[in-house]
Each structure stands twice: as C-alpha cells, then as structure tokens.
Amino acid sequence: MSMAGLRFVRAAVFMACCTGTAVYSADWPQLQCTMQKTGRTTDSVLPPYRARWIWFGSTYTVRNRLSVATWTVNAYNLPSETIIGNVAPLPATVPFTFSGTMQPVVAAGMVFVGDMDGKAYGIRADDGSTAWVADLPGGTIGSPAYGNGVVAFGALTRCIRGFNAQTGAVVWEIPTRGPVVAPLVTNGSVVCVGCLDGHVYCINLTDGAMLWKSAYLGAQIVGGLAMDANHVYVPVETMYVHKLSLATGESVLSKKVSGQSFYRLWPVVYDNKLFVQAAGIPIVGSEYVGEQVMQGAASVSDEQDRWLQFLQGQGGFTNASPDWKHLTVLSIADFTEPFQVPDDPYEGCGTPPNPPCVASVGGAERLLAYYKTKYVYLCKDSAFGTAYSIDISAMDLTNGRRIPIDNGRRATNEWYTWETDNLYGMTSGGTMLYLRQGFRGTVGINLTTSNATVISTMYKSRDGGTWFPDLCYRNNYDSGERVPDSTNPEVGGRIGPSISGTLLLFTEDFCLTCLERQP
Amino acid sequence: MKTWSVRAWCMVAMLSCVGVSFAQYDQYIWQTNKTANLDVVAAQPLIEKLKGEVDRITTAGHLAPLRMQQGDVTGEGTFFYWEPGRIITTLAMAYPYMDAPRQQAIRTYVNAELATDAYRPWTIAGNFMPPFTGARREHYSMTQQWGWTWFQNMESSRGPTRIATLYGLWLYAYNSGD
C-alpha cells in the first residue's frame with residue numbers, strides 16, 4: 001500500500017473510532033481469510049477490547065451503547081472488562097449451536113455464519129442485527145465462503161447452497177453424494193468444496209454452474225482445502241494430498257504425507273510451498289512426549305537437531321519414531337519435500353496440531369508455528385503437559401527450523417492458560433497475533449512488544465482458574481452460573497478470530513461476538 | 001458348513017452363558033432382523049458402496065484389528081474388530097445385498113477365517129486376534145505397535161467375546177446357507 005493509501009486508511013479508522021462507525025477495510029471472506037489459508041490480514045485491532053455487540057439469535061442482540069450512543073434497543077454500557085451477564089440479560093437457552101470450527105465470514109458489511117441445527121445467517125456487521133435467516137438442511141460445521149455477492153455453505157445433508165448475501169435468497173444448490181464437513185475455499189469467483197463422498201466440487205459462485213467435479217480421490221475429504229491462482233490443494237483421508245488443476249479438476253500431483261487424519265485442519269500455501277498439517281499417528285495429543293529431547297538440549301539449535309533425531313527414530317529417546325511427523329512441507333511445483341520441520345508433537349484433548357499462520361514480525365511477514373521447547377522467547381515459560389514449555393516462533397523457510405521471536409520479554413503480563421494439549425488456533429491482524437479456542441477463550445499477543453491481552457473467556461472463573469479478560473459472559477462457573485445453553489453438545493475446535501476493519505469476531509457455541517478497540 | 005450345526009453350536013454356547021432362565025432371551029435367540037419392501041432403486045447407491053467395501057475386504061484377506069487413537073497420552077489406544085470372528089457379522093449383514101460372485105467371495109473368505117484357530121469365534125487361542133497380523137485398514141503405517149498393550153490390558157478384564165460373534169456366525173449361516 002502506498003503511503004497516501006496508508007494515511008487514508010489510518011484516517012478512516014481514526015474517524016470510525018470517533019464516530020462509532022465500524023470500518024471494513026478488508027473482508028474476511030472465508031476460513032483463515034485468504035484462499036492460501038494464511039490467516040493474515042493487515043487490518044489491526046489493538047487492545048483494550050470491548051464488546052460492540054453480541055448476537056444470541058435472530059431475535060436478540062446485546063449492543064454496547066458506548067460504541068454507538070444512539071443505540072437504544074437492548075443497549076447497555078459495556079466497557080472493557082465487563083461481565084456481560086451482570087449488565088445485560090442473557091437468555092437461558094438459544095435455539096442453535098455453533099460448531100467450534102465455525103469462523104465467521106465477513107464481507108460486504110455482513111457477517112455470515114451457519115449453525116449445526118439447519119440455519120444460515122446473514123448479520124449486519126455494524127450493529128449485529130439479523131438481515132436474514134435461511135434454511136441449510138442438516139446444518140454445518142465448516143465456515144462458508146463469500147464472493148460476487150453470494151455466500152456459499154456446505155451442508156451435512158449432502159448439498160452445497162449459495163445464498164444472496166444481502167437477502168438470504170437461495171441462488172443455487174448443488175447436490176452432493178455425501179455430507180460436507182470441511183470449510184469452503186474461494187478465489188472470489190469460484191468456490192471449491194471437499195465432500196465426504198471423496199469428490200471436490202468446483203462451482204461458479206455467481207450462478208451456481210458446476211465447473212467440474214473431481215474424480216473420486218480415494219476416501220473422504222474432511223479437512224479444509226487451499227488454493228492458489230491455478231490449483232486447488234486437497235487433503236484426503238487416504239493421507240494423500242492432491243494438487244488439482246483449477247481449470248479442469250484433474251489431479252496433476254499427489255503425495256502421501258505422515259499422519260492419521262486431516263479432520264479440523266487445512267493446508268497453508270506460502271512461499272511457493274504447501275504446509276500440510278495432520279494429526280500424528282501414535283496419538284493426536286502430546287502430553288509428556290519427547291521430554292528427553294528437551295531435557296538434554298544445550299541450545300535452541302541443539303534442541304532442533306534433537307527433535308529431528310526424535311522424528312527419525314534416532315537418538316535413543318523414549319518413543320522416538322518417524323510416526324510422530326505431523327507437519328509436512330511440499331514444494332508447490334513438484335511436491336518434493338525441501339526439508340523436514342523439527343516440529344514436535346503438540347496439541348491434544350482430541351484436537352490435532354494447529355496449522356501455521358502468517359503474521360508480521362518486526363515489520364517482516366513470517367510463517368508462525370508452535371515449537372515445544374525449553375527455550376521460550378515469546379510465550380509462557382511453563383506449560384501443562386511437559387516439564388518445559390511450548391513457544392510460538394517464526395519458521396526459517398529454507399530449512400524449517402525455529403526463529404525465536406525475541407522482543408526482550410515474554411508475553412506474560414497477563415495470565416492465560418498454556419498447555420501443550422490445549423492450545424489455540426491462530427490468526428493475525430497488523431502486529432497482533434490472535435489465539436483462540438472455545439474452552440480457554442481468546443488471547444492477543446502484540447508481536448512487536450510481546451504484550452499479552454486476555455481478550456475473552458466464557459467465565460471469569462472456571463476449571464480452577466481466574467482470568468481477567470476484556471470480555472466474559474458470566475462470573476463463576478463453579479458457583480453455578482451458566483452461559484446460555486445451546487441445542488447440541490459443543491463440537492470442539494481451535495479457530496482464531498476473524499479480523500475485519502475495526503472489528504474482531506468469533507463464535508461461541510451459543511453466540512456470535514463482535515469486539516472492537518476501546519478508545 | 002451346515003446351518004443346523006452352527007445353530008446348535010450357537011445355542012449350546014448361548015445357554016452356557018445365560019444359564020437356565022433363558023425365556024427372556026427368546027427374542028434374541030429365535031428372531032432376527034429382516035429387511036422387507038426395500039426400495040432397490042433408492043438404495044442402489046448404498047448397495048454399490050457396500051459392494052465396494054466388501055470387495056476391499058475379500059481382496060485384502062485377513063484383516064488386522066483396526067486402530068484408532070484420538071487421545072493425549074502415548075500408551076493409550078483403541079482398537080476395533082479385534083474379537084476373533086468379528087468380521088463374519090459384518091459380512092453376514094452385507095451378504096443379502098451382494099451379487100452371486102461376491103456372495104461366493106464372502107463364503108470363501110469366511111471359510112478361510114474359520115480355518116485359522118485364532119480367528120474363530122469359539123477359539124481358545126486367546127481373547128484377541130493377533131493385533132498386527134493381516135492387512136491393515138488404516139491409511140498409515142506404523143513403526144511401533146502403538147497403544148495395543150494398554151488396550152489389551154483394559155479389555156482383558158471382561159473375558160472373551162462369545163455371544164455377539166457366535167450370533168454373527170449364525171447370521172452368516174442363515175443368510176448364506178453355507
């Protein structure tokens with residue numbers, strides 16, 4: 001962006017803060033924002049945060065009068081650090097459930113989400129009012145995708161539907177032979193959808209014309225897809241990753257990668273490489289795996305060498321095996337592996353390791369990943385599930401090794417949980433890295449200053465801990481307080497928040513929450 | 001195999017398990033599910049899929065227990081189809097929907113399973129089929145036998161699986177006439 005353009009955006013954001021108008025300088029049109037699944041936008045929403053509105057269903061939205069003084073309906077003063085339920089009435093129940101994998105899509109001044117109960121929603125980003133509700137038979141657990149005035153959803157009852165983004169009218173429907181559980185990917189013109197029937201469907205977003213349906217790829221497609229200008233990258237449960245021609249749907253390359261499933265994951269296209277994350281073979285989780293690797297390490301570099309040994313079944317470490325490899329890097333051109341990432345087992349509680357995310361570090365764009373380590377630079381220096389810790393670092397794209405993010409301090413000024421088996425999905429905006437999961441909530445880390453902000457939790461006190469978030473819904477779970485009850489048990493997931501203009505958005509199973517910076 | 005002999009064998013096994021007060025098990029012993037008024041046209045895609053799965057089984061030969069692991073801790077593990085003879089129940093259920101060549105393939109497969117002591121429902125060779133013998137169903141390979149010891153220890157306390165797998169054998173005989 002030119003300096004003049006930058007000045008204009010800054011001026012617009014400044015004016016927005018003064019007038020209470022939400023600004024959408026960039027859309028968040030699909031899971032992880034871009035078709036490459038980078039999770040990155042230049043829009044920046046800095047702390048502290050306050051609720052702008054919280055949507056509890058098509059008939060009830062709590063609004064913050066501090067955001068727009070003229071709001072009167074269900075409007076309350078909700079400054080940062082408000083326990084929402086202490087100020088605004090919360091419903092005892094809501095008639096829907098959002099999956100933990102449902103990242104809101106933001107485009108054309110609207111927010112789009114789908115529930116597990118059979119509805120798709122178009123919600124006005126500015127005030128959280130419901131513009132439309134549409135039927136989506138069987139419901140959905142994957143994020144939709146937006147382009148050319150149409151928002152497309154995959155449904156569990158074997159179809160893909162495109163809705164007019166402003167009215168919710170059904171524009172088109174494509175039947176499938178199996179449920180769609182994966183998030184959709186779009187380049188703005190076409191949408192590609194992976195299906196449990198083992199096919200990928202490529203559809204013109206505008207009119208619903210099916211441009212191609214891939215050959216049967218050998219098994220279910222449960223993970224998300226990624227795209228670049230000419231190809232679609234498809235993880236299939238055979239553990240093969242396919243590179244399909246965007247023009248024809250033909251598989252031009254495929255490669256088997258290590259892991260047992262791609263469920264709740266997606267590949268990331270970056271630096272002419274494809275970063276393919278999978279659930280590890282021995283276990284999905286990571287508790288106390290590879291302790292000897294870290295224990296005997298003499299330096300960051302030595303620790304990385306030892307992790308590589310562990311991942312090659314060498315070094316005499318307990319449980320050392322190639323079976324632990326969960327992150328595979330492929331060259332986009334020929335699907336060769338340029339290097340092996342010394343990336344240890346992490347995550348758990350049934351959740352696979354989180355895919356990498358692109359962020360701005362020290363003014364340069366970097367690919368970030370979790371690295372289990374005893375040398376911590378950015379995050380907390382102790383973690384559940386290990387005698388050591390786990391850190392978020394940049395990846396050296398020539399060899400996969402860890403480049404610590406060292407701002408001279410760690411992000412420990414606020415307390416948040418740090419567990420190797422209970423980590424967070426990542427997205428980034430401006431200099432902020434956002435971490436989120438449904439149970440532990442949302443954390444922001446400024447990658448320039450290492451300042452941490454606990455952005456949200458469901459409860460202020462829960463599971464033996466007390467947080468001091470900018471937003472929570474109830475005070476104390478252990479004393480019997482409860483957030484609204486949704487229709488289904490939670491479907492877990494690790495998904496970072498969406499960032500668009502001055503807004504930060506995420507779903508809980510019982511609501512859609514929109515935050516903004518508190519001036 | 002003669003149907004009457006399998007049924008008699010199953011009855012003996014069941015009676016020995018349930019004791020003398022078997023009246024409450026009458027329905028279980030004497031009745032079985034049977035599909036009627038099947039909409040063959042509507043069901044055809046599922047039948048085709050089922051045929052494909054049966055082909056994969058009969059082509060693969062003996063199958064090792066299926067491993068699933070969704071947990072956090074290294075020692076844990078969950079396995080399916082580890083009971084000797086368990087696969088026969090599945091093939092018995094699929095049998096009525098198969099064409100003649102596939103039905104023959106199932107008969108050949110089941111008889112091959114029954115020819116190996118460790119794979120028979122009534123085996124005394126052990127409560128578990130050998131965990132890493134046979135074709136694997138997972139889409140990945142392993143360098144170690146992750147999780148089996150833990151799973152075997154967890155399951156060992158409940159004794160051998162008999163009634164369910166013997167029922168499967170009876171159902172196979174009932175559906176196939178073998």
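Let's start at a turn in chain A: in the hairpin of β20(A) and β21(A), five residues lie between the strands, and Gly249(A) takes a positive phi near 85°. Keep in mind that this is a predicted model, so please hear everything I say today in that light.

The two arms of that hairpin are antiparallel, with five bridges joining β20(A), residues 240–245, to β21(A). If you want a pair to click on, Tyr240(A) stands opposite Lys256(A) in β21(A).

Now zoom out a little. Which sheet holds this hairpin? It belongs to an open sheet of four strands, ordered β18-β19-β20-β21 in chain A, with antiparallel pairing. At its edges are β18, residues 226–227, and β21, residues 251–256, each of which pairs on one side only. Over at the β18(A) edge, two bridges hold that strand antiparallel to β19(A), residues 231–235. There you can find Ala226(A) opposite Tyr233(A) of β19(A).

Chain A has another open sheet I'd like to show you. This one has six strands, in the order β4-β3-β2-β37-β36-β35, and its pairing is mixed. The edge positions go to β4, residues 75–76, and β35, residues 498–500; each has a single partner strand, so one side of each is left without a neighbour in the sheet. Further in, β2(A), residues 49–55, pairs with β3(A), residues 61–64, in the antiparallel sense through three bridges. Within that pair, Ile54(A) stands opposite Val62(A) in β3(A).

On to chain B, where I'd like to talk about helices. Let's take α5(B), residues 100–114, as our reference, since confidence in chain B is highest there, at a mean pLDDT of 98.

How do α4(B) and α5(B) cross? Their axes come within 10 Å, at roughly 165°, with α4(B) covering residues 86–94. The two helices are therefore roughly antiparallel to each other, and α4(B) passes α5(B) in a left-handed crossing. On the α4(B) side the contact uses Ile87(B), Ile88(B) and Leu91(B), and these meet Ile106(B), Tyr109(B), Val110(B) and Glu113(B) in α5(B). Sorted by class, that gives six nonpolar residues, no polar ones and one charged.

The other partner to look at is α3(B), residues 40–60, which packs on α5(B) at about 35°, with the axes 10 Å apart. That crossing is left-handed too. Here Lys51(B), Val54(B), Ile57(B) and Thr58(B) of α3(B) meet Arg102(B), Ala105(B), Ile106(B) and Tyr109(B) of α5(B). The class count for this contact is five nonpolar, one polar and two charged residues. If you have both contacts on screen, look for Ile106(B) and Tyr109(B), which take part in the contact with α4(B) and also in the one with α3(B).

How do the chains meet? The contact takes 23 residues from chain A and 14 from chain B. On the chain A side, the residues that touch chain B are nine nonpolar, 10 polar and four charged.

Finally, a word on confidence. For the complex, the predictor gives an ipTM of 0.83 and a pTM of 0.91. Chain B has a mean pLDDT of 86, and 88% of its residues reach 70 or more. Where in chain B is confidence lowest? That would be helix α1(B), residues 3–18, at a mean of 50. Over residues 1–5 of chain B, pLDDT stays under 50, and the model has six contacts beyond four places in sequence for that stretch.

That's my tour, and I'm happy to go back to any part of it.

Conventions: Residues are numbered from 1 along each chain as its sequence is written. Chains are lettered from A and ligands numbered from 1 in the order in which they are written. This is a predicted model: local features need pLDDT of at least 70, side-chain atom pairs count only at pLDDT 80 or more; totals for chains, interfaces and linings use all residues. Two strands pair if DSSP finds at least two bridges between them. pLDDT is the predictor's confidence in each residue, from 0 to 100. Two residues are in contact if their C-beta atoms, placed from the backbone, lie within 7 Å. Ala, Val, Leu, Ile, Met, Phe, Trp, Tyr, Cys and Pro count as nonpolar, Asp, Glu, Lys and Arg as charged, and the others, Gly among them, as polar. Axes are lines fitted to C-alpha atoms, for helices over the stretch in contact, and angles run from 0 to 180 degrees between N-to-C directions. Angles under 35 degrees count as roughly parallel, over 145 as roughly antiparallel, 65 to 115 as roughly perpendicular and the rest as oblique. A crossing is left-handed if the near helix is turned anticlockwise from the far one by less than a right angle, and right-handed if clockwise.
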